[in-house]
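Good morning, everyone, and thank you for making time for this. I would like to walk you through one structure, strand by strand and helix by helix, so please keep the picture in view while I talk.

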Amino acid sequence: LAELFPKPARQQLAWRLLKLLILVHLSPERELLTPQQATAWLLYRVTRIDPARNLALVQKTLEQLASGGRYVRRRGGGFLLDLQDDSSATLERLLGRELQELPDTPPAVMERIVPHLGTGGFNPFVLPRDQWKRRSLQWRFHPREYAVILGSETPAAPPLETALWLRLPWDHGQPEAVAGIWTLQPAAIKVGEDLRELAALLRLRERVLAPEVMSRLERRVKERLGLVRGQLAQAYREAQLLDPEGRREGNFGEPGAKPFDQWLNGCAQWLLRRRYPAFERFAPSQGPLPKEAYRQFVRAVQVLGLEQPRSPQAGEYLDIIREGYLLPMGLLRRQGRGYQVPARLEGHELIRLLQPLLEHQPAPKSVYEHLAEPIYGLVPDQIHLLLIFLLVQGELDILKGRRSYRDQFETLPLPWQYDRMAPARALGLEE
């Protein structure tokens, strides 16, 4: 009643008229309540000067109960209670009112819908809007970070070098190139009457409704939201990918029908392959190593060398490093039960990349940054072992102050803990 009649006096009159309708419904002698009867029975006198206004106000109140409320029906010149299930008609009537009040613009309609999509399945809107989000994926057993943002506004500079901008499927403007950012433009979703109706239903769900009406509404909302999830998934799977210069990537390998998190990581992995095209030629087959792995490796090489078959005294990490890192990087080859160092190390691609730096006795930080850049994108464990391998071969020395890695690896097992690197002036570790 408060929704139909904002003024307390009208609410009180409506409630008294409802009581009369209940009495008429229970009476075996009467079927209808006319406005004239209601005025006389209630002795309702809003004014004594113009009695016709009393009748007009009672009639108007009954008509509002019939048009905007439930169970009150007009028949001929009177009104009655109809207690049949009218939830379908009531829902349609309320829905029509909501549709009239709903904004027509596609963004307004979709913004009303997307908060109700839930967190399961394919839902890009689990991401914060217009904010960079740092995420991580496993690529060849090692974590890689990337940044992603969802929205229609041109984003600010990303926090990471691998960055992806997901635009909205109802944002039909021409995507612009943004330096350092890949742009994924989904296929357009047409915001028609079906989506407007869903938005209106979701607005209506926020109101207090009769249980029968709410049950019908919930069934319709559940069905429509499922269809919207499918539309969103299809729109993003038919997306165009633009590089940071605005060029369309014709060979973009969209990850396919997967939950959103897996789909997004698949897109990011595609970007990583573009950024580091040489990485997978040297990619490890093992995950990150603990510091103890480097200590065990250096001790084993001091005793057995790099090329000997596995021995119980070598510890668990010698073979893990040889099989998981040195073989994939081409720094060792299998020979029988053992291994062999390639004859011409100076021709190795990664060593040639490193040699010009060593002439300047660089700090480890610059070496790691150089090898982690495109096109190789080596992970820290690969760089650790490449430098230790070259130290073992007598190709370089890793120094902290005047002391070599050979003397301090038990305490400082990682090369980036040292001060500088220099071409070797001494024998290798095994000698």
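Let me begin with strand β10, residues 396–400, which is mostly covered, since 4 of its 5 residues are buried. Please keep in mind throughout that what you see is a predicted model. As a general point, strands of a sheet pair through backbone hydrogen bonds, and they do so either parallel or antiparallel. Here β10 is joined to strand β12, residues 420–423, by 4 bridges, and the two run antiparallel, with Ile 398 standing opposite Met 421 of β12. β10 also pairs with strand β11, residues 403–404, again in the antiparallel sense, over 2 bridges, and in that pairing Lys 400 stands opposite Arg 403. Between the strands of this hairpin of β10 and β11 there are 2 residues, and Gly 401 takes a positive phi near 65 degrees.

Now to another sheet. In what order do the strands of the open sheet of 5 strands lie? The order is β3-β4-β5-β6-β7, and the pairing is mixed. At the edges are β3, residues 133–139, and β7, residues 240–242, each of which pairs on one side only, and from one strand to the next the twist averages 30 degrees. Within this sheet, β5, residues 163–166, and β6, residues 182–185, run parallel and are joined by 3 bridges, and Leu 166 stands opposite Leu 184 in β6.

Those two leucines lead us to the interior. The largest nonpolar core has 58 residues, and among those with the most contacts inside it are Leu 166 and Leu 184, along with Ile 113, Tyr 236 and Trp 263. Helix α7, residues 211–237, gives the most to this core, with 9 residues. If we leave out residues up to four places away in sequence, Leu 184 touches a number of others, including Leu 164, Leu 166, Tyr 236, Phe 252, Trp 263 and Cys 267. There is also a second, separate core of 49 residues, which includes Ala 300, Tyr 325, Leu 326 and Phe 389.

Ala 300 takes us to helix α10, where it is one of the buried residues, together with others such as Tyr 294, Phe 297 and Val 301. This helix covers residues 291–304, and its 14 residues reach 20 Å from the first C-alpha to the last, close to the 20 Å expected at 1.5 Å a residue. Which helices do the buried residues of α10 pack against? They pack against α11 (317–326), α14 (380–392) and α15 (405–408). After α10 comes Gly 305, whose phi is positive, near 85 degrees.

Positive phi is not confined to glycines here, as Phe 141 shows with a value of about 75 degrees. Phe 141 sits in the loop between β3 and β4, and it counts as partly exposed because its relative accessible area is 47%. Gln 361, also not a glycine, has a positive phi of about 50 degrees, and its place is the loop between α12 and α13.

Two details remain. In the loop between α13 and α14 we find Ile 375, which is joined to Pro 374 by a cis peptide bond, with omega about 10 degrees. Finally, is Thr 39, in helix α2, buried or exposed? Thr 39 counts as buried because its relative accessibility is 15%, and a polar atom of its side chain lies 2.8 Å from the backbone oxygen of Pro 35.

Methods: Residues are numbered from 1 along each chain as its sequence is written. This is a predicted model: local features need pLDDT of at least 70, side-chain atom pairs count only at pLDDT 80 or more; totals for chains, interfaces and linings use all residues. Side-chain values use heavy atoms; hydrogens and water are left out. Two strands pair if DSSP finds at least two bridges between them. Axes are lines fitted to C-alpha atoms, for helices over the stretch in contact, and angles run from 0 to 180 degrees between N-to-C directions. Buried means under 20% relative accessible area, exposed over 50%, partly exposed in between (1.4 Å probe, protein chains only). A nonpolar core is a set of buried Ala, Val, Leu, Ile, Met, Phe, Trp, Tyr and Cys residues joined through side-chain atoms within 4.5 Å. Contact means heavy atoms within 4.5 Å. A polar contact is a pair of N or O atoms within 3.5 Å; within protein, one must be able to donate a hydrogen and the other to accept it, and residues adjacent in sequence count only if both atoms are side-chain atoms. The expected span of a helix is 1.5 Å times one less than its number of residues.
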